[in-house]
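Thanks for making time this morning. I would like to take you through one structure, beginning with its pockets and then turning to the charged pairs and a few single residues.

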Amino acid sequence: MKSIEIEIKNYTTKEIAQLLEPGHHLTLSNQVISAVNRSRSILEEKVKSGATIYGVNTGFGKLSQVKISDEDIVKLQKNLILSHAVGLGNPVPEDITRFILLLKVISLSKGSSGVRIEIIQRLLDFINLNCLPVIPEQGSVGASGDLAPLAHMTLPLIGLGKVMHENKIQNAAKVLPSLELKPIELSYKEGLALINGTQFSTAYGLYCSLKADIIVKSADIIGAMTVDGIKGTSQAFRADVHRLKPHPGQLKSAKNLFRLLENSEIMESHVDCGVVQDLYCLRCMPQVHGASRNTLAFFNEVIETEINSVSDNPLVLEEIGEIISAGHFHAQGVGQAMDCAAIAMTTLGTISERRTYAMVNGDYGLPPFLANSAGINSGFMITQITAAALASENKSLSTPSTIDSISTGAGQEDHVSMAPWAGRKLYQIINNVTRILGIECLTSLQALDFSDNLKTSPVLELVRKDIREHVHFLESDRLMDEDLLFIEDYLNGGKLVEIVEDRLPLE
């Protein structure tokens with residue numbers, strides 16, 4: 001078991017993922033412990049002085065004008081968790097739950113939240129012991145923090161709620177003693193610090209950012225396979241062409257596509273075929289993939305900023321010893337970035353589906369639906385329809401969430417972000433795009449196999465060989481469910497990108 005310290009630093013999305021790799025035991029650095037203790041001391045001094053502090057000795061939201069007596073300020077924090085744990089729906093996926101816990105740890109570790117160190121340590125205990133709070137996915141509007149889901153995250157700290165442990169959902173009250181963990185009695189500000197924040201929304205964004213990095217490279221690889229599958233040209237991907245329209249993402253995709261197709265026997269076999277230009281779904285891949293890349297770069301920047309932010313309320317300004325109420329819990333920035341990412345990912349899916357359509361419609365010297373004995377065999381007819389269904393689903397899902405707002409909290413929270421729904425929709429879109437690209441990948445392999453024994457480029461031949469060990473040429477109609485599940489896992493796990501980048505690093 002490798003021990004890794006959580007530090008006060010700016011983490012990248014990839015570093016966050018690395019922290020949660022199996023075999024890691026997370027601890028708090030001395031720097032974090034000192035910062036957290038200083039923050040707590042300031043809060044304790046303010047409370048002892050009789051200062052009125054939101055959420056410490058006042059009610060919450062519209063009830064912030066209600067003063068809470070000294071003897072009730074501890075009860076106030078427990079009641080806050082109990083009253084806010086009203087989420088509904090399916091449990092959040094376990095990978096995202098781990099992100100939620102770790103992001104909350106990082107935020108509280110900045111020393112601006114006024115909690116005791118044992119609160120942060122218990123969150124780390126849950127990560128280290130793989131005892132994950134069961135968090136319903138519905139119930140947050142993304143302002144005043146992700147209140148309901150984070151309240152469910154907090155329940156096991158106080159010995160309530162449910163956890164996923166040893167691959168089954170159990171009552172926290174039963175599991176904690178077996179792990180030698182005692183419930184924590186929340187002190188003032190701690191319940192509020194735990195549920196105020198954007199960690200639920202940001203965790204979805206973090207997960208999707210990591211997956212998007214794989215998908216944009218996969219789209220270039222699979223798109224290049226399709227170019228050779230229908231005997232297109234790489235001339236539209238030349239560097240001297242794209243210097244005339246030098247959007248960063250476009251330059252990267254064009255470079256990838258051109259290099260992926262270098263030394264292709266198929267390409268060389270039709271150099272003098274007389275075809276002037278290809279379909280937009282081939283010729284315009286750098287422009288379309290590149291636009292998505294540019295948007296996703298912005299999205300990733302926003303997510304990384306939010307990962308390294310403090311987003312609860314009120315804030316302890318340790319340098320000057322003040323406690324200030326603000327609105328860092330509002331997730332508009334994260335939600336808006338995820339809405340943009342949703343559009344970018346949906347676009348990658350729509351152009352991929354068009355490439356699949358081009359391969360199955362009986363043109364470019366390919367048989368209808370890439371089927372031997374078309375008629376008795378339907379070949380790839382219905383896989384294209386599946387891709388079309390997923391692409392259409394994404395078009396609805398990519399309608400922005402953050403253009404909506406609905407007043408809550410008796411009007412105190414009169415503008416909300418709807419970032420949680422943006423994240424959950426983006427998660428669905430990411431899964432759908434992976435499946436759409438998987439269908440294109442299998443379709444392009446089938447098309448390549450009709451190329452009179454000519455080979456595609458050396459690097460794409462490595463891909464072809466590896467996948468063909470698991471998914472064979474479709475000689476006649478067969479059940480394709482296992483083929484589709486295989487290719488989804490293959491892409492989702494990054495195997496396609498890994499094989500290519502062992503030979504040809506991609507932008």
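What follows is a walk through the pockets, the salt bridges and a few residues of this model, which is a predicted one.

Let me begin with the largest pocket, which has a volume of about 1100 Å³. Its lining is made up of 39 residues, and those that lie nearest the centre are T13, K14, A17, L210 and K211. If you would like to follow this along the chain, the elements that give two or more residues to that lining are helix 1 (13-19), strand 2 (24-28), helix 4 (94-108), helix 5 (117-128), helix 9 (199-229), helix 11 (248-260) and helix 14 (285-307). Which element gives the most to the lining of the largest pocket? That is helix 9, with nine residues. Sorted by class, the lining of this pocket has 17 nonpolar residues, together with 11 polar and 11 charged ones.

The second largest pocket has a volume of about 340 Å³, and it is lined by 21 residues, with Y54, G61, S144, F329 and E413 lying nearest its centre. Here the elements that give two or more residues to the lining are helix 3 (73-84) and helix 8 (190-195). The lining of the second largest pocket divides into nine nonpolar, 10 polar and two charged residues.

Now to the charged pairs, and I will put the general point before the particular cases. Side chains of opposite charge can pair when their charged atoms come close. With a nitrogen-to-oxygen cut-off of 4 Å, the count for this model comes to 24 salt bridges, and I have picked out three of them.

The pair I would look at before the others is K189 and D312, whose side chains meet in a salt bridge at 2.7 Å, N to O. K189 lies in the loop between helix 7 and helix 8, while D312 lies in the loop between helix 14 and strand 8 (315-317), so this pair ties together parts that are 123 residues apart in sequence. Are these two residues buried or exposed? K189 counts as buried because its relative accessibility is 1%, and D312 is buried as well, with a relative accessible area of 2%.

The other two pairs each sit within one helix. D125 and R122 meet in a salt bridge at 3.3 Å, N to O, and both lie in helix 5, three residues apart, which is about one turn of the helix. Both D125 and R122 are buried. In helix 18 (residues 458-468), R464 and E461 are likewise three residues apart, so about one helical turn separates them. Their side chains meet in a salt bridge at 2.7 Å, N to O, and both R464 and E461 are buried. Beyond such pairs, salt bridges that share partners join R40, E44, R116, E118 and E190 into one network.

To finish, I would like to set two single residues side by side. A172 is found in helix 7 (residues 172-178), and A172 is buried, with a relative accessible area of 0%. The C-alpha atoms of A172 and I96, which are 76 residues apart along the chain, are separated by 19 Å. I324, in contrast, is partly exposed, with a relative accessible area of 34%, and belongs to strand 9 (residues 322-324). Together with L317 and I320, I324 makes a nonpolar surface patch of about 240 Å².

Definitions and conventions
Residues are numbered from 1 along each chain as its sequence is written. This is a predicted model: local features need pLDDT of at least 70, side-chain atom pairs count only at pLDDT 80 or more; totals for chains, interfaces and linings use all residues. Side-chain values use heavy atoms; hydrogens and water are left out. Patches are made of residues with over 30% relative accessible area and no salt bridge: like charges are joined within 9 Å, nonpolar side chains (Val, Leu, Ile, Met, Phe, Trp, Tyr) within 5 Å. Accessible areas come from the Shrake-Rupley method with a 1.4 Å probe; for residues, only the protein chains shown count as cover. Helices (H or I, at least four residues) and strands (E, at least two) are DSSP runs, numbered from the N terminus. Buried means under 20% relative accessible area, exposed over 50%, partly exposed in between (1.4 Å probe, protein chains only). On a 1 Å grid over the protein atoms alone, a cavity is a set of points where a 1.4 Å probe fits but cannot get out, and a pocket is an open set with protein on both sides within 12 Å along at least five of seven lines; lining residues have an atom within 4 Å of a point. Grid points are joined across faces, edges and corners, and a volume is the space filled by probe spheres set on the points. Ala, Val, Leu, Ile, Met, Phe, Trp, Tyr, Cys and Pro count as nonpolar, Asp, Glu, Lys and Arg as charged, and the others, Gly among them, as polar.
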